[in-house]
Amino acid sequence: MQTTVTPTHCPYCALQCGMNLTPTPDGGVEVTERADFPVNRGALCGKGRTAPALLSSRVRLTSPLVRRAGTLEPASWDEALDRIAEGLSRTRTEHGPDACGVFGGGGLTNEKAYALGKFARVVLRTSQIDYNGRFCMSSAAAAGIKAFGLDRGLPFPLEDIPKTGCVILVGSNLAETMPPALRYLTELRENGGTLIVIDPRRTRTAEQADLHLAPRPGTDLALALGMLHLIVAEGRTDEAYLQERTSGWEEARAAAMAHWPEYVERITGVSVPELRAAVRLFCAPEAAMVLTARGPEQQSKGTDTVGAWINLCLATGRSGRPLSGYGCLTGQGNGQGGREHGQKADQLPGYRKLTDPAARRHVAEVWGVDPDSLPGPGRSAYELLDAMGTDIRSLLLMGSNPVVSAPRAAHIEQRLKSLDFLAVADVVLSETAALADVVLPVTQWAEETGTTTSLEGRVLLRRRAITPPDNVRSDLDVLHELAARLGVEKGFPKDPEEVFEELRRASAGGPADYSGITYRRLAEESGVFWPCPGGEAVGAAGEPAAHGPVDPAADEPAHPAAGLAGGEESRAGVHPGTPRLFLDRFATEDGRARFVSVSHRPAAEEPDEEYPVLLTTGRVVAQYQSGAQTRRVDELNAAAPGPFVEMHPRLAARVGAGEGDPVAVVSRRGRAVAPARITRAIRPDTVFMPFHWPGEGRANNLTNPALDPTSRMPEFKTCAVRVESLAPGAPAPESPA
């Protein structure tokens, strides 16, 4: 038996914590500490520590399944792959290529995400591809591109956080969503810095804060505008920075000045003294940061909301300076890399725009196809799912579980059932896979090699530690076999390093340039931060690629990474990567950051007499995303066995619910039932539900698919509901007048 210790990374969140794997006699692996990896320094949460449990044949898929007479039954790989090829081919013939949909996941490696996007556009010739990362970071990505010309979750490494003077953490519960990262906030305070947490709940993270602001869900935009108003009124702006490094300030300033503190207090419920205290703490030190997560982002105005928080950083001269600026805490394991290399509806590899003729030419040359053959942008994630059974007739889905994770989930479940054909590749029989015509068992993190990109923009190498079961194949193998059956014999290698080498060429010269990154470098270093161009940004045929913002002083277009590294120096002709962005210039054409002029507007759905309470959703520490994996781990299920409805004692008394009593939460879209959890840690006008479970406690039965006009992010974080106690003797629900 192989006893080599394999250094690798956790399969769960975007921290991508380092861990060591050692094979065990029963064919599994044991997780041990990997103290040399700088992000987690050996620490792991319960999910990472128990991740090997999913390698057991007791909980995973070990054979292809095909539906016969309404029942999924084991089948050979040839039969399963033939069925998928036939289903997709039939749809293309009868309804056209855009009737074929492809849906990816933020947990896929860079190689898989790249190959999936290429498969959709080269083999199926469909524009209809998106992925579940649209539900996670898309608003922050859109806001970052508007402001800075570039989206990378954190423009600085996590190690900078304890060294800054103040952190405003907006809508994140790090203590539960990525526990090893909490140490950075603890060290911040130990170093004399201050922490402001903004969350409608007093979470475990909020308990660590020097100041906790609990705004009404959906009002984060007004809160940011009120703080900017006070920054201006109190003379705390950095005028030299505004002149030298930004544009659009006058318009943004005028919009903020319309948001008087008293007006903001009425909207948010955050008092004027609390607003003033937050401004004082944020502006006092020389360096400060704003970090956002899903709270402000998963809103129908999420892009504007994040833009308003970026405005705070720009007005005070924070962004593009050491130990300062705005960052997004990306959620999924490869949420960052997954949105860079082509599985988004509007994107080509290297974070290139699908509508850019130069980008199309470059990528088409790498792929060996005519640029005109590449389809244009398609539907966003929710819109694609909503079109199933009408415009979308067949779907190939990899690494996602929208039956649990999508907004208005009961509706999406019905749309999935209405498809002519559904094929799912996954490691477990998720609720979505259970609806499929064909299910393919694919390899997991410990059984395959590939790269991911963490929330820092750090590209990492996951290494294969053990051999997968005999009847399990990789996603790359699946795409290779399907492409061949659909008439494309070449261009879809099974070897992940070969795919990565092509990805390097496709990304060269793009905003997310990986061309200077190799597997060898990743194996020797603790990851490499993009952008990392090669000696030259090499195009498909070896010529220098010419994409990116134009430098008027140069003879040729500048590389997008030019000037962004802020003093990072190459060594021996090798680009070192870019841990810190924007220290010299921003990635806009003129090098200046751009303010956005935004104003408060209400959520898409506000409470009324029939639905008088606000619902917000989120995660708990022992479960992850849709729970498809973590719900199969006994230790995690013991810690978090099922859904609950968190509510304030005043609301509980009003509806007649006691601790543990079953309550129904009802919205205009559906109903969910779960036990009451009564606590003063939440606002009296708000209830909270975690979204990890299917069945009657499925929180996403309730959520609102109202979309942000820019990012197409659904409004998961706020909707109007009513709460009904189902306990014996509880008062009947009140009828609206």
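Lys717 lies in the loop that connects β29 (714–715) to β30 (719–725); helices (H or I, at least four residues) and strands (E, at least two) are DSSP runs numbered from the N terminus. The model is predicted, so local features need pLDDT of at least 70 and side-chain atom pairs count only at pLDDT 80 or more, while totals for chains, interfaces and linings use all residues. Residues are numbered from 1 along each chain as its sequence is written, and side-chain values use heavy atoms, with hydrogens and water left out.

**Surroundings of Lys717**

- Lys717 is buried but forms no salt bridge, and Asp199, the nearest side chain of opposite charge, is 8.5 Å away.
- Buried denotes under 20% relative accessible area, exposed over 50% and partly exposed in between (1.4 Å probe, protein chains only).
- A salt bridge requires a side-chain nitrogen of Lys or Arg within 4 Å of a carboxyl oxygen of Asp or Glu.
- The side chains of Lys717 and Gln298 share a polar contact of 2.9 Å (a pair of N or O atoms within 3.5 Å, one able to donate a hydrogen and the other to accept it).
- Beyond its neighbours within four places in sequence, Lys717 has contacts (heavy atoms within 4.5 Å) that include Pro217, Arg294, Gln298, Leu615 and Gly618.

**Cysteines**

- The whole structure contains zero disulfides, a disulfide being a pair of cysteine sulfur atoms within 2.5 Å.
- For Cys13, the closest cysteine sulfur is that of Cys17, at 5.8 Å, which is too far for a bond.
- Cys13 is buried at 11% relative accessibility, and Cys17 is buried at 6%.

**Helix α19**

- Helix α19 (residues 475–485) is largely enclosed by the rest of the structure, because eight of its 11 residues are buried.
- Among these buried residues are Asp475, Asp477 and Glu481, together with Leu476, Val478 and Leu482.
- Their cover includes the helices α2 (77–95), α3 (110–124) and α20 (496–507), as well as the strands β16 (394–398), β17 (421–426) and β18 (438–441).
- Gly487, just after α19, adopts a positive phi of about 100°.

**Nonpolar cores**

- The largest nonpolar core has 173 residues, and Phe119, Ile168 and Trp309 have the most contacts inside it.
- Helix α7 (residues 220–233) supplies the largest share of this core, nine residues.
- Such a core is a set of buried Ala, Val, Leu, Ile, Met, Phe, Trp, Tyr and Cys residues joined through side-chain atoms within 4.5 Å.
- Outside its neighbours within four places in sequence, Trp309 is in contact with residues including Ile168, Val170, Leu223, Met227 and Thr292.
- Another core, of 26 residues, lies apart from the largest one and includes Phe135, Leu384, Met388 and Val403.

How values were computed. Lys and Arg count as positive and Asp and Glu as negative; His and the chain ends are not counted.
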